[in-house]
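Welcome, and please open your viewer. We will take a short walk, choosing one thing to select at each stop.

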Amino acid sequence: LEDAAAVLEDGRTYVEAELSYQKSRALFVVDRGKSALVYFMAGALLALLTLIGLTVGMLITLAQLIGPLFASAVVVLALGLGAILLLLAAQKRWVSLMDAFDDRDTDRP
């Protein structure tokens, strides 16, 4: 009976230690995740500002060559086409991902 009580106590100690360990791991992940998100957001903001600067630079350069109206049209069309191509690629990958998780068996009628 004493051995069973000792085993039970050892099991309880193990479970408490494991829970404490997992809790500390989770807190570590949350802390690192928050800081990674802050750095990601700052990097994304700088990337957006860079793209805005590039767009304005293209407009200014093209405006001197073909005029402001046509420069605006060229830049808007080029950026729009790029956006459409990227969105179509994203849609293709999303559909592929969803097909991978589709639990319907396509071999059966």
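Helices (H or I, at least four residues) and strands (E, at least two) are DSSP runs, numbered from the N terminus. By that count, the protein chain has 2 helices and 0 strands. Before we go on, note that this is a predicted model, in which local features need pLDDT of at least 70, side-chain atom pairs count only at pLDDT 80 or more, and totals for chains, interfaces and linings use all residues. Residues are numbered from 1 along each chain as its sequence is written, and side-chain values use heavy atoms, leaving out hydrogens and water.

**Stop 1: the whole chain**

Zoom out until everything fits on the screen. The C-alpha trace spans about 95 × 50 × 10 Å along its principal axes. The radius of gyration, taken over C-alpha atoms, can be set beside a globule rule of 2.2 Å times the number of residues to the power 0.38. For this protein chain the radius is 28 Å, well over the 13 Å that the rule gives for 109 residues, so the chain is more spread out than a compact globule.

Now show the surface. Accessible areas come from the Shrake-Rupley method with a 1.4 Å probe, and for residues only the protein chains shown count as cover. The accessible surface of the chain comes to about 9900 Å², with 71% of it belonging to carbon and sulfur atoms. A residue is called buried under 20% relative accessible area, exposed over 50%, and partly exposed in between (1.4 Å probe, protein chains only). Buried residues make up 3% of the 109 residues.

**Stop 2: a salt bridge**

Side chains of opposite charge can pair when their charged atoms come close. A salt bridge is a side-chain nitrogen of Lys or Arg within 4 Å of a carboxyl oxygen of Asp or Glu. Which side chains meet in a salt bridge here? Select arginine 12 and glutamate 9, whose side chains meet at 3.0 Å, N to O. The structure holds 1 salt bridge. Both residues lie in helix α1, 3 residues apart, about one turn of the helix. Arginine 12 counts as partly exposed at 43% relative accessibility, and glutamate 9 counts as partly exposed at 40%.

**Stop 3: tyrosine 21**

Tyrosine 21 is also found in helix α1. Its relative accessible area is 44%, so tyrosine 21 is partly exposed. Try a distance label from tyrosine 21 to glycine 82: they are 61 residues apart in sequence and 48 Å apart in space, C-alpha to C-alpha.

**Stop 4: leucine 45 and its patch**

Move along helix α1, which covers residues 2–66, to leucine 45. Leucine 45 is partly exposed, with a relative accessible area of 48%. From leucine 45 to glutamine 22 there are 23 residues in sequence and 34 Å in space, C-alpha to C-alpha.

Patches are made of residues with over 30% relative accessible area and no salt bridge; like charges are joined within 9 Å, and nonpolar side chains (Val, Leu, Ile, Met, Phe, Trp, Tyr) within 5 Å. Select Leu45, Leu46, Leu48, Leu49, Ile52, Val56 and Ile60 together to see a nonpolar surface patch of about 660 Å².

**Stop 5: valine 56**

Keep valine 56 selected, still in helix α1. Valine 56 is partly exposed, at 41% relative accessible area. Finally, add serine 72: valine 56 and serine 72 are 16 residues apart in sequence and 9.8 Å apart in space, C-alpha to C-alpha.
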